[in-house]
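Take a moment with the sequence and the model. We will start at the ligand and then visit some unusual backbone spots.

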Amino acid sequence: MVRKVAILGSTGSIGANTLDVIRSNPDRFQVTALTAGKQVEKLAEQCVEFAPSIAVVTSATDASRLEKVLQNKNLKTRVLYGPEALVTAVLDSGCDTVMAAIVGAAGLMPTLAAAKAGKRVLLANKEALVMSGNLFMQAMKVGGGALLPIDSEHNAIFQCLPYQFFTGSSSSETQHDGVEELWLTASGGPFRNTPLNQLAEITPEQACAHPNWVMGRKISVDSATMMNKGLEVIEAYWLFGLPLEKIKVIIHPQSVVHSLVRYCDGSVLAQLGQPDMRTPIAYGLDWPERIVSGVAPLNLMQLANLNFSEPELSRFPCLSLAFAAAKAGGSAPAVLNAANEVAVAAFLETGLPYLHIPQVVERVLNQLPVESADSLDSILDIDAQARAVAHNCIRSIQQ
Ligand code: NAD
Ligand code: MG
């Protein structure tokens, strides 16, 4: 069977890696839709190579630029633009599989649409799940499609859990098939050992230079602050349905052990591999089959050490904020996510000092009461409110 794949965010790091895995397996996949924010040239090149039936960009101007390039190449790709068109790419391109790799809240609507429509959802866009966990998991249930985590930690845990864990054929819902704890590994990012008094001067370039992974700029900053791991704790909570107390974070600087599952009999299962997103992407694309991904084999003999330690919460206040928001539940994770997106963008684009990222998130969380967040309207409303409060907060800092 040839899988028909729509890639939301095809010009980003995950999107490009997905196309690379597809390139290595040309007989197994057909690309039906590609979408990008603003990178018209890169999207045009991808369309020429993969000939999707739909391509989407954000603005009308970019759409007409893309259309001209594709017409010159005699391509029949329909070019659309705007947020609604992302949903059209999911529903009307004839795909059975959707790679959700738009960064941030912008990915929520098309990812939800894919879930409701029963597509196989390859979930990289953790922010969508953090905002709308309950709603999204319900939509997956109603749609009846498979949900494959692409985040390397969650993909590792998925690989280490028993099959019946996901099929609902588990013997008892409360016993979780003997699973005691999920251990999410974290590299600790570029500032794991930086003296605390030097953190105030951190620049965007330093924050985006991750020691092990090559990623988009937003997730790179989140990895530096460890907000990324906080979002991943919330992501794991929704994906795997275990109580929060059973989800732990462990610092593992080498990023070779991608995460672990501890069972009641003393067994601990881990998934190891190179820090290369093509492994989890390949696993999700053709699960339960395994296909080549282009990733180099892991050479255990060349690894001098695998180290593990507890995260230093004083160094990573964002991690504590995420744990607190996860515990508070309701609207708190959506508020955390929105405030963080605004603060990270301000750090990257308008010079908000690095150490103000957690301060902005904390102030926004403190200002907005925890409400229920079970409908799409309420989530979008909470997201908008949190962004407005975050912008105010940043304005007052930057005055
Ligand atoms: P990226 O910045 O490299 O790419 C983001 C993609 O989304 C691009 O194609 C961009 O054009 C598109 N986009 C951005 N804003 C948009 C908007 N408003 N409307 C439509 N499209 C928009 O990001 P990435 O590193 O590929 O990460 C993508 C997602 O995957 C994120 O949610 C991230 O947390 C998650 N993720 C990434 C990695 C990784 O290794 N890069 C690992 C785990 C999870
Ligand atoms: Mg991850």
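From which domains does the shell around ligand 1 draw at least three residues each? They are domain 1 (3–145) and domain 2 (159–302), with bounds from an automatic or database domain assignment. This is a predicted model, where local features need pLDDT of at least 70, side-chain atom pairs count only at pLDDT 80 or more, and totals for chains, interfaces and linings use all residues. Residues are numbered from 1 along each chain as its sequence is written, chains are lettered from A and ligands numbered from 1 in the order written, and side-chain values use heavy atoms, without hydrogens and water.

Look at the shell. It holds 22 residues, each with a heavy atom within 4 Å of the ligand. The closest are T11, G37, Q39, E127 and G216.

Now find the backbone contacts. An oxygen atom of ligand 1 lies 2.9 Å from a polar backbone atom of I14. A backbone N or O atom of G9 is 3.3 Å from a ligand oxygen. Such polar contacts are pairs of N or O atoms within 3.5 Å.

Next, the backbone itself. Most residues other than glycine have a negative phi, and most peptide bonds are trans. M226 is not a glycine, yet its phi is positive, about 70°. M226 is also buried, at 2% relative accessible area; buried means under 20%, with a 1.4 Å probe and protein chains only. D177 has a positive phi too, near 55°. At 18% relative accessibility, D177 counts as buried. Finally, the peptide bond from W287 to P288 is cis, with omega near 5°.

Note on methods
Polar contact = N/O pair within 3.5 Å; in protein donor to acceptor, adjacent residues only side chain to side chain. Buried < 20%, exposed > 50% of the residue type's maximum accessible area, 1.4 Å probe, protein only.
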